[in-house]
Amino acid sequence: MRQAYPMTEESTQVVREYAEAVFRRYSQPLTPPGFEVDWSDAPPKNTTYPGAPMLAAPRWSARQLGRLPDLLAAGDDTDRPWTAAEVSTLASLAYAVQERRVAASWNQDLLTQTHYPKATWSRGTASGGGMYPLEIYWVAGAGAPTRPGVYHFHTAHRAWQRLANGDHASAISDACLGDTGGQRADQFLVVTVRFWKNAYKYHNFCYHVVTQDLGALLGSWQLIGRGLGRQLRPVLWFADETINTRLGLVTESESALAVVPLPGPPPTGNPPAAAAVRAARFERSSRAFQPELLAPVHRATLLTTEARPAALPVEPPPAPHGTGLALPELPAQRWRTDLSAALRRRRSSFGQFSRGRRLTAAELGGILRCAAAGLAFPTDLTGPAPLARLHAVVNDVDGLPAGSYTYEPAGHRLTPVRVEPMAGLLQRAYELNNYNMEQVAAVLAISGRLAEALDHFGPRGYRLLNAVAGSSAQVTYLAATSSGWGAAPSSGWTTRCWTRRSD
Ligand SMILES: Cc1cc2nc3c(=O)[nH]c(=O)nc-3n(C[C@H](O)[C@H](O)[C@H](O)COP(=O)(O)O)c2cc1C
């Protein structure tokens, strides 16, 4: 069923073709022949607006957010207005630089990371290739706990840089096309992507990765929000250029991907007519280029005045055959780690997986349940119909035969698809060389209903689906860390190895 908005079949086709090019990139490379990353011209990972006043992000004193299963079950939602420390906690815990990483792994940056100027710094949220291309802006209205204006979060300094004064909250609210997910708010976090921070390395693959990065950040925010007693409902359907203009951004180089209302009193007054931000950010690269597929796919997803479609109608994909294996429950005391500690300790395993200790079926089930919750986090576009499903490829799990399974969250069951040894298939399907799949207990795979998403939401469905996948990947990390295991997401798979039916 097509929606009543004028997103053209042509723009949907641009996105469909881009997605297909992404899926076949290992047989037909996405980058032009001879492309080499120019590391010497890389952009800084932390964006700075030189000369803009810098205000230290207030520290949040409670230090405990809660344990993952409790947070996923949390239903309470306080209407207490957001404090500056709470807003800053979202930004800091999820995206600020944390600590230096120097560890032997199978990655290629092993030597460079030992030199201070090229050091690797961790963050609470994963990012494809460690590029961290997302930017966080706080648009504070008259009722916000800071002077009304537009602030940019400086990820290295844990500080807000004030880029503009004035109350621009109602302009952001209006750009949400008539609805901020039923929420009244006069302060918003706007997540944007600076494409070049990813594109200088990933070239045409950029759009796929950064839209999953968005999901990872929103996944962290959903959990941190719950730890603060809040249910966040990010808005993904908004007039892109309206918000970009307000933030002083050029859509081709930096563009909004999500607006997160922080509920409170509604915005008051008319916003100043002009663009809010005129400050210029620091640029280091002198040889920046536009990957040829990036601007067309991004342009195709932009909205202007289109009405928000209803959520996808409930029409679950056909259930696989058989009744499946019921997964044992993981005792509550096994979730030892507070979310704030899990965000600090989370890291990609990068070839360090080892079969020395066996994952149990209950542990795998506990992680799957969290990962499935990450697929279903609320947004303005999400409804009861799942856009994506989880699968487990079991290599070495105590209590489960090796094989591939589909996870059914309702019954907490695994339905077998193929029962046979998986290590060889996993290794052949993984196109990078930083993992020994023989040592991996299990691989969780996310399959998405791309055709339905594009049909229903138009090109914006692609962004939504990637956000859902990124969010689940981030929750999987946190679930593994919280229950004493390692994890790492990876896009480096040959997709045809996974494909079955339409998902
Ligand atoms: C969307 C996404 C895709 C990723 N794809 C890969 C991948 O294909 N291979 C890989 O080794 N790591 C992948 N990663 C992991 C990142 O490289 C990792 O998060 C980043 O280097 C930061 O390291 P950390 O997770 O240890 O903090 C991906 C992460 C995300 C969020």
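In β8, Ala 258 is the bridge partner of Val 191. The strand β7 (residues 187–194) is joined to β8 by 7 bridges, and the two run antiparallel. Two strands count as paired if DSSP finds at least two bridges between them. Strands (E, at least two residues) and helices (H or I, at least four) are DSSP runs, numbered from the N terminus.

The model is a predicted one, in which local features need pLDDT of at least 70 and side-chain atom pairs count only at pLDDT 80 or more, while totals for chains, interfaces and linings use all residues. Residues are numbered from 1 along each chain as its sequence is written, and side-chain values use heavy atoms, with hydrogens and water left out.

**The open sheet**

An open sheet is formed by 6 strands in the order β1-β6-β5-β4-β7-β8, with antiparallel pairing. Its edge strands, each pairing on one side only, are β1 (54–56) and β8 (254–261). On average, neighbouring strands of this sheet are turned by 30° against each other, direction ignored. Helix α3 (residues 84–95) packs on the sheet and touches β4 (134–140), β5 (149–154), β6 (159–165) and β7. The direction of α3 makes about 175° with that of β4. Contact here means heavy atoms within 4.5 Å. Axes are lines fitted to C-alpha atoms, for helices over the stretch in contact, and angles run from 0 to 180 degrees between N-to-C directions.

**Strand pairs involving β14**

Strand β14 (residues 413–418) pairs with β9 in the antiparallel sense, and β13 also runs antiparallel to β14.

| Partner of β14 | Bridges | Opposed residues |
|---|---|---|
| β9 (residues 325–326) | 2 bridges | Leu 325 and Leu 414 |
| β13 (residues 403–408) | 5 bridges | Thr 406 and Thr 415 |

The hairpin of β13 and β14 has 4 residues between the strands, and His 412 takes a positive phi near 50° there.

**Packing of α10 and α13**

Helix α10 (residues 361–375) packs with helix α13 (residues 460–482) at an angle of about 150°, their axes being 7 Å apart. The angle therefore makes α10 roughly antiparallel to α13, a class for angles over 145 degrees, whereas those under 35 are roughly parallel, 65 to 115 roughly perpendicular and the rest oblique. The contact is made by Ile 367, Cys 370, Ala 371, Gly 374 and Leu 375 of α10, together with residues of α13 including Val 468, Val 475 and Ala 479. By class, this contact has 8 nonpolar, 4 polar and no charged residues. Ala, Val, Leu, Ile, Met, Phe, Trp, Tyr, Cys and Pro count as nonpolar, Asp, Glu, Lys and Arg as charged, and the others, Gly among them, as polar.
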